[in-house]
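Biologist: I should like a close look at a single strand of this model. Please describe its surroundings, its pairing partners and the confidence of the prediction.

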Amino acid sequence: MKLLKTIISIFSVLALSTAPFSVSAENMTILNDEEIKGVISAIEKENKIVNDVAEFSVKTEPDGISPIDLVITGYNPEKGYKTYALENFIITEYKNKRDFKFLINNECHIQIPADGKSLTISLEETGEYIISKTRFSEDKFDFKLITEEVLKNIDEEIVTVINAESFLYNMNIIYVETSENEYAIPYFDERMNGEYGGYGDRLISGTIYSVAEFMDKMDQIYDEEYLFAHGDEDGGVPLKAYTPYVPSFSENVAAQSKNISVKDGSDTFKFIVAGVGVGISVVFLATIVILKKKSK
């Protein structure tokens with residue numbers, strides 16, 4: 001089980017260690033006034049440091065990067081959103097608890113889109129907000145647009161909305177609890193439905209599933225038990241051989257699934273890659289390697 005322990009350690013490092021943020025009673029993705037002030041303070045402190053350094057620095061090469069290029073511009077805290085980390089082995093944990101909210105950690109971090117950058121902002125134990133990670137990209141993801149489109153398609157009284165991230169499965173999941181049901185809307189690299197031949201039609205990015213159906217699909221796609229039994233092998237959680245999806249529970253929820261249409265479909269992929277680090281990519285590729293090994 002040496003590799004299994006290593007994998008868990010990797011994801012423990014990747015998951016940001018932060019103090020709990022306050023949350024709204026309904027939508028746990030929205031920033032409150034205190035958090036918005038903290039975001040602005042963190043960015044202003046970062047920009048002051050960059051500007052101070054820029055006064056004593058020059059470009060050493062014609063195409064070099066000046067410190068002034070690192071100044072954060074074009075950001076809007078109102079476009080920020082909170083992301084909560086999921087437990088690593090969600091399939092196994094869900095089987096044991098049958099409670100999706102149990103899989104969501106209470107700690108989270110804030111994502112802020114800016115010009116040419118995506119910022120991850122964390123709350124330190126001291127109460128100070130800091131920029132813990134910067135990803136350079138020209139893509140700007142409108143998470144509120146995605147959430148609005150999701151909620152428009154759920155004609156029930158909304159109780160809770162949470163954006164959760166699974167590092168192990170390279171997937172973001174919008175969790176929606178209503179007065180009647182629970183839903184999971186996964187967003188992931190669409191190549192998993194195409195060139196990698198993994199999910200096929202068993203799981204579609206941007207589709208509203210009941211939590212029971214989503215977890216049932218994940219269980220039919222991924223083999224966590226194999227990883228537990230062969231933790232000394234290279235790779236992440238292996239994909240099971242493809243079979244058409246057949247519900248393994250009696251609850252008739254398949255008809256509730258709906259595909260969410262977003263104005264710019266490319267945003268789905270941008271959303272998923274926005275917070276993905278090198279370690280996650282390695283496990284993602286290793287999953288494909290295991291799939292090929294098992295299929296031989």
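Modeller: Strands E3 and E4 form a hairpin with five residues between them, and Gly127, which lies in that turn, has a positive phi of about 95°. The model is a predicted one, and the strand I shall follow through it is E3, residues 117–123.

On the E4 side, E3 pairs with residues 129–136 in the antiparallel sense, over seven bridges. Within this pairing, Thr120 has Lys133 of E4 as its bridge partner.

E3 also pairs with E2, residues 104–114; these two strands run antiparallel and are joined by five bridges. Here Pro113 stands opposite Ser118 of E3. E2 and E3 likewise form a hairpin, with two residues between them. Gly116 in that turn has a positive phi of about 70°.

As to its surroundings, E3 is covered on both faces. Lys117, Leu119, Ile121 and Leu123 are buried on one side, and Ser118, Thr120 and Ser122 are buried on the other. Because seven of the seven residues of E3 are buried, the strand is largely enclosed by the rest of the structure.

Turning to confidence, the protein chain has a mean pLDDT of 74, with 65% of its residues reaching 70 or more. Among the elements of the chain, strand E7 (residues 182–187) has the highest mean pLDDT, 94, and helix H7 (residues 266–274) the lowest, 36. pLDDT stays under 50 over residues 1–25, for which the model has 58 contacts beyond four places in sequence. Over residues 261–296 pLDDT also stays under 50, and the model has 63 such contacts for that stretch.

Technical notes. Residues are numbered from 1 along each chain as its sequence is written. This is a predicted model: local features need pLDDT of at least 70, side-chain atom pairs count only at pLDDT 80 or more; totals for chains, interfaces and linings use all residues. Side-chain values use heavy atoms; hydrogens and water are left out. Buried means under 20% relative accessible area, exposed over 50%, partly exposed in between (1.4 Å probe, protein chains only). Helices (H or I, at least four residues) and strands (E, at least two) are DSSP runs, numbered from the N terminus. Two strands pair if DSSP finds at least two bridges between them. pLDDT is the predictor's confidence in each residue, from 0 to 100. Contact means heavy atoms within 4.5 Å.
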